[in-house]
Amino acid sequence: MKYNSIEQILKNNQAWAAKKVAEDHTYFQELATGQKPPYLYIGCSDSRLALTRFTGTEPGELFVHRNIANQVSLTDINFLAILEYAVVHLEVKHIIVGGHYGCGGIKAALEGKAIGLVDNWVNPIREIYLQKQDEIDALPTQEERWNRLAELNVQMQVKNLYQTSVMRQALQQQQAPEVHGWVVDIRTGLIKDLQVSTKKWQLRSLSLAAF
Ligand code: CO
């Protein structure tokens, strides 16, 4: 792969900004007035996952939180602040939890090779593997096991999202965004909607509230 130099990246920026202004001379003036994105995207930090490119979305459409292996952690103050800001203040309509096939974080959890701090971070994925070990180990290739765990991880992170105080409050106030679980297939560039059913987690949040 050929990489752009720092100088080239800055030149690219000037060319892009000039093109935008040529197409619409008020583009940046409008962009500068503020944001009201309809989507919160929670994804993996992987450099290949430029979701705006994959989805043809424009600046101002996606509010973003990324970390290794797209974790929804109930103790991550950075993530929780982003979630609350997105749901309560920006009033996003949809939350997308986006995993991907070929994820290095999933691989680290599956193979158990010691890398460093990432090993601690991906421990919840190791737990998912242990819970579903029979199903995963039954798959014929390591790649399929790796990719299945990526899907199960997305499902688990969607579930975790419904355990957050932010989502539970939003549900009780009937202002919760719709949640989607996706996996990006880097081999084809295509996004697969896992059609994660969120009904039972929604109901659980509400019934626990009543309780
Ligand atoms: Co990844």
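Donors are N, O and S atoms within 2.8 Å of the metal (3.2 Å for Na, K and Ca); water is not among the atoms, so sites may look incomplete. The model is predicted: local features need pLDDT of at least 70, side-chain atom pairs count only at pLDDT 80 or more, and totals for chains, interfaces and linings use all residues. Numbering starts from 1 along each chain as its sequence is written, and side-chain values use heavy atoms, without hydrogens and water.

**Exercise 1. The metal site**

Task: Find what coordinates the cobalt ion, and place the donors along the chain.

Solution:
- Step 1. C44 (SG), H100 (NE2) and C103 (SG) coordinate the cobalt ion, at 2.0 to 2.3 Å.
- Step 2. Along the chain, the donors follow the spacing C-x55-H-x2-C.
- Step 3. C44 lies in strand β1 (residues 39–44) and H100 in strand β3 (residues 94–100). They are 56 residues apart, so this pair links distant parts of the chain. Strands (E, at least two residues) and helices (H or I, at least four) are DSSP runs, numbered from the N terminus.
- Step 4. Both C44 and H100 are buried. Buried means under 20% relative accessible area, exposed over 50%, partly exposed in between (1.4 Å probe, protein chains only).

**Exercise 2. Helix α7**

Task: Which residues of helix α7 (residues 123–131) are buried, and what do they pack against?

Solution:
- Step 1. The buried residues are I125, I128 and Y129.
- Step 2. They cover an arc of only 100 degrees around the axis, so they sit on the same side of α7. The arc is that of the directions from the helix axis to the C-beta atoms.
- Step 3. Recall the general rule: an α-helix has 3.6 residues a turn, so residues three or four places apart point the same way.
- Step 4. The buried residues of α7 pack against α5 (104–111), α8 (133–137) and α9 (142–163).

**Exercise 3. The largest pocket**

Task: Which residues line the largest pocket, and which helix gives the most?

Solution:
- Step 1. The lining is W16, K19, K20, T52, R53, T57, E58 and P59.
- Step 2. α1 (6–23) and α3 (51–55) each supply at least two lining residues. α1 gives the most, with three.
- Step 3. A pocket is an open set of points on a 1 Å grid over the protein atoms alone, where a 1.4 Å probe fits, with protein on both sides within 12 Å along at least five of seven lines; lining residues have an atom within 4 Å of a point.

**Exercise 4. The whole chain**

Task: How many helices and strands does the protein chain have?

Solution:
- Step 1. The protein chain has 11 helices and five strands.
- Step 2. Of its 211 residues, 38% are buried.

Note on methods. Contact means heavy atoms within 4.5 Å.
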